[in-house]
Amino acid sequence: FQRLLKNQVTRRHHQDDETKPKPKKSSTPKKNAAGVPEPTPNYDKFKRIAADDQPTPEKEVSVGDVKETDSASALQAMLNRRQKKGVSASVVRETTNATTSSWVLVENTPNSANVSDLYESLNEILEFEVGKGIIDLDGIQNNDKARAALEDIGALESLYTTQAIDNDDIPLWTPDEGDSAGGARCPLLVEARPYLSYWARPTGFFLRLPNRSVAHALLKHVERAGALLSERKERDRAANRKLSSEREEWVTGLWKRVQADYARENAGKRLHESSQGEAEIEAQDPLEEGLSTIRDSSAGEGGCGESSGESDPDEVFDFLQEYTESNPYPLRTPLDPDASDFSVMRCGALRVSVKGFVPFQEPNLETRHRGGEKPPPVPTWEQHAFEISGNLRLSDSIVRVVTSGLIRLKELQHFFRHCDLEGTWPTEEEGVGDCFRDVPSSIGWNLNGRGRRSNVDLLLSGASRTDFLASKRAGLPKAKKNTYLVRFASPSAARMAVRNYQGAELKSRRRNGDTYSEMRHELKLAQFPRV
C-alpha cells in the first residue's frame with residue numbers, strides 16, 4: 001500500500017507541476033535532532049487521492065448495448081464494471097460471440113465443384129445438430145431463465161454445447177414440418193452463390209441457411225471437428241515418432257548383440273592360438289615360419305579359407321529367431337477408430353474451410369456523416385464477390401472464356417454462332433453499387449453495366465507483366481489474361497460448347513494502316529458451377 005501510494009503521489013505531483021504553480025518553500029525548514037531538515041507533508045494531495053479512490057456512481061448498462069458498441073476499449077470498460085458489480089463477464093460477451101448473419105462462406109473448393117458436392121457433408125452436420133439441439137439465439141435475448149440454464153451447462157459464453165440439450169428453459173430452434181427450402185437433397189439450404197477470386201475463378205460458395213442460429217451451430221460444429229482432427233493428427237505423429245525410435249533401438253540392439261558374439265568368439269580363438277604358439281615357438285624353423293606367412297597371405301588375398309569362410313544360413317536364422325523372441329520387432333499398432341460424431345466440412349473427399357460471412361451494408365448519409373471523424377467502412381473482397389456474383393447471376397449456363405489477347409465481342413459472338421446463346425445480362429439499373437466498383441475496377445474488372453444486352457461480354461481485362469508485378473506487391477494481383485463470359489440458353493448447351501471448342505483457335509484481323517495483320521488466340525473454356 002505504501003508503494004502504491006508513493007507512485008500515486010509521484011504521478012499526481014508531476015501532473016500538478018504542469019497545471020499549478022509550485023508552492024513557495026519556507027526559508028526555515030524544520031530540523032530533527034540530528035540537524036537534518038524534515039520534508040513538509042503535503043496534506044492537500046493526500047486528500048485529493050483519497051477522493052479519487054472513492055467509487056463513482058455508474059450507469060446501468062444492459063446487455064443489448066453491446067451491439068451498439070464498436071470500440072474495444074469501451075467493451076473492456078463495460079466488462080470491468082460488470083465484474084465489479086458481481087455480474088459474470090460471459091453475459092456481456094454472449095452477443096459478441098454469436099453469429100449475426102445467416103450466411104456462411106465455404107472456401108478452397110475445386111474450380112469444377114458444384115454446390116451439390118457439399119450436400120452430403122452439410123446434411124450430415126445439420127442433421128446431427130438438429131438432433132442434439134440448436135440454441136435459438138433470438139429466443140435467449142432478454143431471457144434470464146435461458147441465460148441461467150446456459151450458464152449451468154457451460155454454454156453461456158460460446159452459445160454452443162457438445163452434448164444433447166434436455167433443458168426446457170433453453171429455447172431451441174426446430175425446422176417446420178415439410179420445410180424444404182433448399183429442395184429434397186438439402187432441405188436447410190436456402191440460397192447459394194459462387195465465390196469468385198480476384199481473377200474471376202470460382203473458389204467456394206456463399207451458403208444461406210434458414211437463420212443465424214443454424215449458421216452459428218454449423219460454424220461451431222466445424223470448429224469443434226477441426227480441433228478434434230488436429231488432436232488426432234498430433235497423436236498419430238507422436239505414435240509415429242515413438243515407433244521410429246523403438247525400431248532404431250531394436251536395430252541398434254541387434255548389431256550390438258552381433259558384435260558382442262563376434263568379439264567373444266574371436267577372443268576364444270586368440271586365446272587358443274596363443275596357448276599353442278607358446279608350445280611350438282621353440283621348435284619352429286625360421287624358414288618354415290616365413291613360408292607359412294606367405295601361404296597365409298596368399299589365402300587371405302584369394303578371399304577363401306577357413307578363417308574367412310561364410311556363416312551358415314541356418315545359424316543366422318537361428319540367431320535372428322532367438323533375438324526376435326527375446327526382443328519382439330516393434331509393429332504399428334492400429335489406431336482407435338474415430339468415435340466422435342463431429343465431422344469437418346468436405347466437398348466430396350476434399351476438406352474445405354467454413355467461416356461466417358456478413359454481407360456489406362452501405363451506410364446511409366445520416367450515419368455516414370455522424371461525427372465526421374471516422375472514415376466510411378470499406379467492403380472486403382468477400383463482400384465484393386458476394387455482390388458481383390449476385391449481380392451477374394452466375395450459373396452453369398455461363399461459360400468462362402480465357403484468352404491471352406483481346407478479342408472483339410463481335411468476333412467471339414461469330415465464333416459461337418452455331419450455339420444457342422441467350423442474352424440476359426443485368427441492365428443498367430441492376431448494376432452493382434458504387435462502393436463495389438472501385439476495387440474490382442482497379443484490377444481490371446468491367447462492372448460498368450451500361451447497355452449490357454449482349455450474350456458475350458468482357459469481364460476481366462488482362463494486365464502486362466509490369467502491372468501484374470506492381471499489383472501483386474500492392475496486395476491486389478491483376479490477371480495476366482482476359483476473361484469473357486458467354487451466356488448459353490441451357491446448361492447442356494454450355495457443356496457441349498466446352499466439349500467442342502476447348503483449345504480451339506480464333507482468328508482475328510487487325511488493321512495497321514493500309515495492311516491487315518492476322519492474329520490467332522487459343523481459347524480455354526470452363527463452365528461455371530451449378531448453384
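This is a walk through the nonpolar cores and the salt bridges of the structure above. Please keep in mind as you read that the model is predicted.

Let's begin on the inside. The largest nonpolar core has 28 residues, and the members that touch the most others are Leu 207, Leu 218 and Met 345. Four elements each supply two or more residues to this core: strand β1 (103-107), helix α5 (119-132), strand β5 (202-208) and helix α7 (212-280). Of these, α7 is the biggest contributor, giving 6 residues.

Leu 218 is a good place to set your viewer. Once its neighbours within four places in sequence are left aside, Leu 218 is in contact with Val 104, Leu 122, Ile 125, Leu 126 and Leu 209. There is also a second core, separate from the one just described, with 22 residues, including Tyr 195, Leu 196, Ala 200 and Ala 385.

Now for the charged residues. Side chains of opposite charge can pair when their charged atoms come close. Across the whole structure, a search finds 12 salt bridges, and three of them make useful stops.

The first stop stays within a helix. Lys 220 pairs with Glu 223, with 3.9 Å between the closest N and O atoms. Both residues belong to α7 and sit 3 residues apart, about one turn of the helix. Lys 220 is partly exposed, at 21% relative accessible area, while Glu 223 counts as exposed at 51%.

The next stop links two helices. Glu 322 and Arg 257 meet through their side chains in a salt bridge of 3.4 Å, N to O. Because Glu 322 lies in helix α9 (residues 313-326) and Arg 257 in helix α7, this pair ties together parts that are 65 residues apart in sequence. Glu 322 is partly exposed, with 45% relative accessibility, and Arg 257 is also partly exposed, at 28%.

The last stop joins a strand to a helix. Lys 355 forms a salt bridge with Glu 382, and their closest N and O atoms are 3.6 Å apart. Lys 355 is in strand β8 (residues 353-357) and Glu 382 is in helix α11 (residues 381-392), so the pair ties together parts 27 residues apart in sequence. How accessible is each partner, Lys 355 and Glu 382? Lys 355 is partly exposed at 35% relative accessibility, whereas Glu 382 is buried, with a relative accessible area of 19%. This pair has company, too: salt bridges that share partners join Glu 107, Lys 355 and Glu 382 into one network.

Terms used:
Residues are numbered from 1 along each chain as its sequence is written. This is a predicted model: local features need pLDDT of at least 70, side-chain atom pairs count only at pLDDT 80 or more; totals for chains, interfaces and linings use all residues. Side-chain values use heavy atoms; hydrogens and water are left out. A nonpolar core is a set of buried Ala, Val, Leu, Ile, Met, Phe, Trp, Tyr and Cys residues joined through side-chain atoms within 4.5 Å. Buried means under 20% relative accessible area, exposed over 50%, partly exposed in between (1.4 Å probe, protein chains only). Contact means heavy atoms within 4.5 Å. A salt bridge is a side-chain nitrogen of Lys or Arg within 4 Å of a carboxyl oxygen of Asp or Glu.
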